[in-house]
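Trainee: I would like to understand how the labels we put on a model are justified. Could we go through some of them together?

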Amino acid sequence: MKTVSPDGYLRLKARELNQVPLRHLISNVDDGSRVEEAGGCAETTLSGYTEWISPVEPSLSIGWDWEWRTLPGKSGAVRLGLPRTNVLLVSETSEPFPWEDSLQLLANYIDAIEWQGVAVNSAFRSGTNSTYNN
Amino acid sequence: MEVLSGRPHELAPQILESVERYRYKVFVEMLGWELDTPPGLERDQFDHAGTLYLAARDAQQEVVGTARLLPTTSPYLLGDVFPQLMGGAPPPRDPLVWELSRFAAVDFSTPTGNALGQFSSPVAVGLLEKAIEVAAAQGAQRLITVSPLGIERLLRREGFRARRAAPPQIIDGHPIFACWIDLIARCPPEPRAHIAQ
C-alpha cells in the first residue's frame, strides 16, 4: 500500500498513476469570467478550476485551471498551466523526478484523459460526481 | 508598510488588541466564520504566550494584515481541529514544521467581496515573506496551513512553493485544504503558459 511520505508527497511511478481511477470532486468558474462586446463581436472569457481525487487512501489529489477556447471549427476547455497536486512522480527505480518535471508529466497525463465535459458541466451545475477510469 | 513580529510579551498590548480587532473584522464580519470569541475581538485556544504574531501596518499605523505562527510540536489548528485534511496521514508533529494560521491581508478601503478577499491585498505577499523569514529563524523548514482551495493558485502565481497535503474537503460549502509551503526563496511569478492545445 502506498503511503504519504513524511515530506507530504504521495510518491507514484508513472505506470502506477495510470492504474489509479480518478473521481471528480469539484469544479468552478472563476469570478472574473465574462462576456465582452466590442465592435459588434462578443468575446467570452471563461475560465475556472477543476479538482479530481482517487477514491482510495492515501488519496491522490490533483487540480488544474482551465480556460474555454474557441478555435475555428472547435471549442472547448483546455488545461491552463501546470496542475496542483500532492503527487510526486518517481522513476522505475523510485528516484523522484524534479518537482517541475513531475508536474509536467502529470500535465501530460491530464491532457490524455477526458475531463472537459465533466468539469465544465459541474462548474455550472453543482452535484456532478463522475469517475474517470483508466 | 511595516511588519511587526513577536510573541505577546514582545509586542505592545495595543498591537495585540489591534490584531484581535482586525481578525474579528476579517474572519467574523467579512468571512462569516462562526467563532466563539468575544464581541469585536477574535482569539482562540491557540492564542497564548507562546504564539508568534505578525502584524502588517500601513503608514497610518493601521493594521492591514495579520498572521500567526505555531510550532506543530504543540497544539495547533490543523492538528487539533482539522486533522481530516491530512487525508489519513498523521498531522505533522515536527520541530521543522510550523503552522501558519489566521493569515489575512485585507485592504478594507478596497474590499474585493470574494471568498479569497482575506488574501487579496498586495500586503499579502510581503506578509507571507515575513512569516517565512520569522518561521525560518525558529528553525522551520516548512509551513503547513489550513486554507481555502484558491490559495494554492495564488501562492503559485506569486512564486511560492506550495502544494496540497491531501485532497481538499468541502466544509460549510467551501473547499478547504491543508497546504504545505516550503521555506525556500520565492521565484518570480511565471506567465501562465498555455501548454495544452
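Mentor: Gladly! Let's start with a rule: the expected span of a helix is 1.5 Å times one less than its number of residues. Keep in mind that this is a predicted model.

Trainee: How do you know that the length of helix α1 of chain B agrees with its 18 residues?

Mentor: Apply that rule to residues 13–30 of chain B: the helix should span 26 Å, and its end C-alpha atoms are 24 Å apart, so the two agree. After α1(B) comes G32(B), with a positive phi near 75 degrees.

Trainee: Which residues of α1(B) are called buried?

Mentor: They are V19(B), E20(B), Y22(B), R23(B), Y24(B) and V26(B). To earn that label, a residue needs 20 or more other C-beta atoms within 10 Å of its own. The cover over the buried residues of α1(B) includes the strands β2 (52–57), β3 (63–71) and β4 (97–104) of chain B.

Trainee: And why is S94(A) called exposed?

Mentor: The cut-off for exposed is 12 or fewer neighbours. S94(A) has 8 C-beta neighbours inside 10 Å, so it counts as exposed. You will find S94(A) in the loop between β8 (87–90) and α2 (99–111) of chain A. Its phi is positive, about 70 degrees, although S94(A) is not a glycine.

Trainee: What makes a positive phi worth pointing out there?

Mentor: Most residues other than glycine have a negative phi. Q61(B), not a glycine either, also has a positive phi, near 65 degrees.

Trainee: Why does Q61(B) count as exposed?

Mentor: Q61(B) has 11 C-beta neighbours inside 10 Å; set against the limit of 12, that makes it exposed. Q61(B) sits in the loop between β2 and β3 of chain B.

Trainee: Which residues touch the most other members of the largest nonpolar core?

Mentor: In that core of 77 residues, they are L69(B), L127(B), A131(B), A178(B) and C179(B). Helix α3 (residues 123–137) of chain B supplies the largest share, 8 residues. Leaving aside residues up to four places away in sequence, the residues touched by A178(B) include L78(B), L85(B), M86(B) and I144(B).

Trainee: What makes up the side of chain B that touches chain A?

Mentor: The contact takes 21 residues from chain B and 22 residues from chain A. On the chain B side, 11 are nonpolar, 4 polar and 6 charged. The helix α4(B) gives the most to that side, with 3 residues.

Terms used:
Residues are numbered from 1 along each chain as its sequence is written. Chains are lettered from A and ligands numbered from 1 in the order in which they are written. This is a predicted model: local features need pLDDT of at least 70, side-chain atom pairs count only at pLDDT 80 or more; totals for chains, interfaces and linings use all residues. Two residues are in contact if their C-beta atoms, placed from the backbone, lie within 7 Å. Helices (H or I, at least four residues) and strands (E, at least two) are DSSP runs, numbered from the N terminus. Ala, Val, Leu, Ile, Met, Phe, Trp, Tyr, Cys and Pro count as nonpolar, Asp, Glu, Lys and Arg as charged, and the others, Gly among them, as polar. A nonpolar core is a set of buried Ala, Val, Leu, Ile, Met, Phe, Trp, Tyr and Cys residues joined through C-beta atoms within 7 Å.
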